[in-house]
Amino acid sequence: MRTVRDFLEEGPFTLTLSAGFFGFFAHAGALAALDEAGLRPVRVTGSSAGALIAGLWAGGAEPRAIEEELVALRREHFWDPAPGFGLLRGARFRRRVETLMTARSFETARIPAALSVWDVLARRTVVLERGDLATAICASCAFPGLLQPVWIGGRPYLDGGIADRPAHAALGATERVLFHHLPSKSPWRRVAPPIPWREPMVAIAPPGLPRLGPFRLGEGREAFRIARDHLRSALDGCTLVG
């Protein structure tokens, strides 16, 4: 029998963070738990909320700085309505992303990162691994109807969670993965989809997360705490067969 900590210490692992609307609070909590345990991934992948935290950390933002930013987050910090195919222009959001990072590109990031986006014209998921990091983060977070599409190379891109909610499109067949999964809380889903499975992977899904959104940021601190404490407990409290 092995623990989750044993799995992570046995060799290099990739941290994969799922989509989840405003679930970036929970992902930040999981990242904080890994950091305090001295368990650092060698690569990150993410979609939407997962792309935000994965990209910020790869871009040089420390877990404590990410926590402080999120705890202080207010709607006016990113609220910039403008005409277009989405309520918000996204300029304020981009400025806050850029301020937190020291790296400006995937090529200068602290570790390799791969962020899923939705190519509007091709109607398929594309994985971004090169070029401007803040642009890729903003594209993966461009939730339809809320944020306007982000243009890269003359093409419009939207939220990576549209077709790659688990952010698995970037994973190699034998890549060792710690997958932080946020269960869907959409009111339009009667049954949440199951956690997608692959080998070798450990999946962590924090229970009891509050439902957050642009008008429900007040419980973000609680979502951070739940996810941090859940991963702390899971490291030594969950056993794996084999």
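**Exercise 1. Find which residue of β8 is the bridge partner of Thr-14, then place β8 among its neighbours.**

Step 1. Thr-14 has Val-177 as its bridge partner in β8. Helices (H or I, at least four residues) and strands (E, at least two) are DSSP runs, numbered from the N terminus. Before going on, note that this is a predicted model, where local features need pLDDT of at least 70, side-chain atom pairs count only at pLDDT 80 or more, and totals for chains, interfaces and linings use all residues. Residues are numbered from 1 along each chain as its sequence is written, and side-chain values use heavy atoms, with hydrogens and water left out.

Step 2. Strand β2 (residues 14–17) pairs with β8 in the parallel sense, over four bridges; two strands pair if DSSP finds at least two bridges between them.

Step 3. Strand β9 (residues 201–204) also runs parallel to β8, joined to it by four bridges. Here Leu-178 stands opposite Val-202.

Step 4. Now look at the faces of β8 (residues 177–180): Val-177 and Phe-179 are buried on one side, Leu-178 and His-180 on the other. Buried means under 20% relative accessible area, exposed over 50%, partly exposed in between (1.4 Å probe, protein chains only).

**Exercise 2. Work out why Cys-138 and Cys-141 are too far apart for a bond.**

Step 1. Recall the chemistry: a disulfide is a covalent bond between the sulfur atoms of two cysteines. The test used here asks for a pair of cysteine sulfur atoms within 2.5 Å.

Step 2. For Cys-138, the closest cysteine sulfur is that of Cys-141, at 6.9 Å, so the two are too far apart for a bond.

Step 3. Searching the whole structure gives zero disulfides.

Step 4. As for accessibility, Cys-138 is buried at 7%, and Cys-141 is buried at 10%.

**Exercise 3. Describe the lining of the second largest pocket by class.**

Step 1. Residues of the lining include Arg-89, Phe-93, Arg-94, Leu-147 and, from the previous exercise, Cys-138.

Step 2. Sorted by class, there are seven nonpolar, two polar and two charged residues.

Step 3. Helix α5 (residues 91–100) supplies the largest share, three residues.

**Exercise 4. Decide whether Arg-43 is buried or exposed, and find which side chain it contacts.**

Step 1. Arg-43 lies in strand β3 (residues 43–47).

Step 2. Its relative accessibility is 15%, so Arg-43 counts as buried.

Step 3. The side chain of Arg-43 is joined to that of Glu-129 by a polar contact of 3.4 Å. Such a contact is a pair of N or O atoms within 3.5 Å; within protein, one must be able to donate a hydrogen and the other to accept it, and residues adjacent in sequence count only if both atoms are side-chain atoms.

Note on methods: On a 1 Å grid over the protein atoms alone, a cavity is a set of points where a 1.4 Å probe fits but cannot get out, and a pocket is an open set with protein on both sides within 12 Å along at least five of seven lines; lining residues have an atom within 4 Å of a point. Ala, Val, Leu, Ile, Met, Phe, Trp, Tyr, Cys and Pro count as nonpolar, Asp, Glu, Lys and Arg as charged, and the others, Gly among them, as polar.
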